[in-house]
Amino acid sequence: EKGGYPHFMLKEIFEQPRTITDCIRGRINVKGTNVVLSGILDNKERFLNARRIIFVACGTSWHAGLIGEYLFEDLCGIEVKVEYASEFRYRNPVIHSDDVVIAISQSGETADTLAAIELAKSKGAFVYGICNVVGSSIARATHSGTYIHVGPEIGVASTKAFTGQVTVLVMMAMMLAKMKGLIDEEKYREVLRGLIAMPDNIKEVLDQHEHIQSVASIFTYARNFLYLGRGCNYPTAMEGALKLKEISYIHAEGCPAAEMKHGTIALIDQEMPTIVIATNGSVYEKTISNIQEIKARGGKVIVVVTEGDCIVAEMADYCIWIPKTAECITPLLSSIPLQLFAYYIAVNKGRNVDQPRNLAKSVTVE
Ligand code: F6R
């Protein structure tokens, strides 16, 4: 059932062109002029009147929530909070009856996320779910929701579920932005067409697997890694670091690129490689100066850049490119090389990629 791949994780990484297609099917029309999610349509008033959106999730799903924060603030003008379910449930969080709580969970069985949902419901909030497993506990406990429809995820390290979650969040934010009259037609269509083109764009990234494997081989014996990104690629950087930690057992840390100089930069030397997501967009120039700071301290830099970039590519030691796309959906592309990078390092180290030590696929105990 691994479809000829040596591990489920690799199969699931390579499945992403198809899983994104499945995720948007029947939701975005062929022309890319409209997106409809029935869960949003059925609860239109709840979403339009939402005072805040509060994401609750754990791990990779929490990273997807952080990307959701950028999307909903930027495109829909709604105040957003992103909470670790495990922290949220044990505080006395302020929850208003006009807050919309969105729980994100691949398995739909994560105990902390489920408890956070029950707490939010008890305070009168409307709770929406973004799940993969149909009929799971979280799917049933929420008032409504959207499935990501990426198929069973067997590898313990989440890959295709993450890109499915982000895809659903983009579709939700687009729909809401349109309903609120906050997005112009041109941008709306640019993003929808970007999602339609995403499977082909992901294929282009996957086609670089041999190159990514060779870069991974060079860094297999590094003891620590730093991952940097800004904007919606900051959560992507954290997700890349988590993937590496989980399956290779190498320590890694995701950090907002500009925050590095407030402490983390002290770690930089020849032994501490940095992966920087430096794609074109609003924070591109700023990220360049962060790369210079690392290079000046002898650090090795691997960059993820937009196709055609030569400025950053020249400065870096190794370069992986992704196709150009609308800025708010770049995490769907920039996360792919980070998944592959973690995978190849773990394989080089002889790790049990699909079932890393100490981890379970769904955490049903707190
Ligand atoms: C990371 C990973 C975990 C899960 C987390 C939440 O690769 O798999 O961090 O993301 O345990 O799980 P779900 O999404 O099933 O609630």
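Axes here are lines fitted to C-alpha atoms, for helices over the stretch in contact, and angles run from 0 to 180 degrees between N-to-C directions. With that in hand, helix 9 (residues 160–179) and helix 15 (residues 331–348) make a good starting point. The axes of helix 9 and helix 15 lie 10 Å apart, at an angle of about 170°. Helices (H or I, at least four residues) and strands (E, at least two) are DSSP runs numbered from the N terminus. The structure is a predicted model, in which local features need pLDDT of at least 70 and side-chain atom pairs count only at pLDDT 80 or more, while totals for chains, interfaces and linings use all residues. Residues are numbered from 1 along each chain as its sequence is written, and side-chain values use heavy atoms, with hydrogens and water left out.

Angles under 35 degrees count as roughly parallel, over 145 as roughly antiparallel, 65 to 115 as roughly perpendicular and the rest as oblique. Helix 9 and helix 15 are therefore roughly antiparallel to each other. Their contact (heavy atoms within 4.5 Å) brings together Phe162, Thr163, Val166 and Thr167 of helix 9 with Leu332, Ser335, Ile336 and Gln339 of helix 15. By class, four of these residues are nonpolar, four are polar and none is charged. For this count, Ala, Val, Leu, Ile, Met, Phe, Trp, Tyr, Cys and Pro are nonpolar, Asp, Glu, Lys and Arg are charged, and the others, Gly among them, are polar.

Thr167 of helix 9 deserves a second look. Burial is judged by relative accessible area: buried means under 20%, exposed over 50%, and partly exposed in between (1.4 Å probe, protein chains only). Thr167 counts as buried because its relative accessibility is 0%. Setting aside residues up to four places away in sequence, Thr167 touches Ile20, Cys23, Ile24, Leu195 and Leu332.

The residues Ile20, Cys23 and Ile24 belong to the buried set of helix 2, which also includes Gln16, Pro17, Thr19 and Asp22. Seven of the nine residues of helix 2 (residues 16–24) are buried, so this helix is largely enclosed by the rest of the structure. Its buried residues pack against helix 1 (8–14), helix 9, helix 10 (185–206) and helix 15. Helix 2 is followed by Gly26, with a positive phi near 75°.

Helix 15 has a further partner in helix 11 (residues 209–218): the two axes come within 9 Å and cross at roughly 55°. Helix 11 and helix 15 are therefore oblique to each other. The crossing of helix 11 past helix 15 is right-handed, meaning that the near helix is turned clockwise from the far one by less than a right angle, whereas an anticlockwise turn would be left-handed. On the helix 11 side, His209, Ile212, Gln213, Val215, Ala216 and Ser217 take part, and they meet Pro337, Leu340, Phe341, Tyr344, Ile345 and Asn348 of helix 15. The contact of helix 11 with helix 15 has eight nonpolar, four polar and no charged residues.

Next come the sheets. Strands of a sheet pair through backbone hydrogen bonds, either parallel or antiparallel. Two strands are taken as paired if DSSP finds at least two bridges between them. One open sheet has five strands in the order 2-1-3-4-5, paired in parallel. Strand 2 (79–84) and strand 5 (144–147) are its edges, each pairing on one side only. From one strand to the next, the twist averages 20°. Strand 1 (residues 52–57) runs parallel to strand 2, joined to it by six bridges, and Ile54 stands opposite Lys81 in strand 2.

Two helices lie across this sheet. Helix 7 (residues 111–122) covers strand 1, strand 3 (100–105) and strand 4 (126–131), and runs at about 165° to strand 3. Helix 9 lies across strand 1, strand 3, strand 4 and strand 5, at about 135° to strand 4.

Within strand 2 sits Tyr84, which is partly exposed, with a relative accessible area of 39%. Tyr84 touches Ala57 and Trp62, again leaving out residues up to four places away in sequence.

Another open sheet, also of five strands, has the order 7-6-8-9-10 with parallel pairing. Its edge strands are strand 7 (251–256) and strand 10 (318–322), and the twist averages 20° from one strand to the next. Strand 6 (residues 224–229) pairs with strand 8 (residues 274–277) in the parallel sense over three bridges. Here, Tyr227 stands opposite Ile275 in strand 8.
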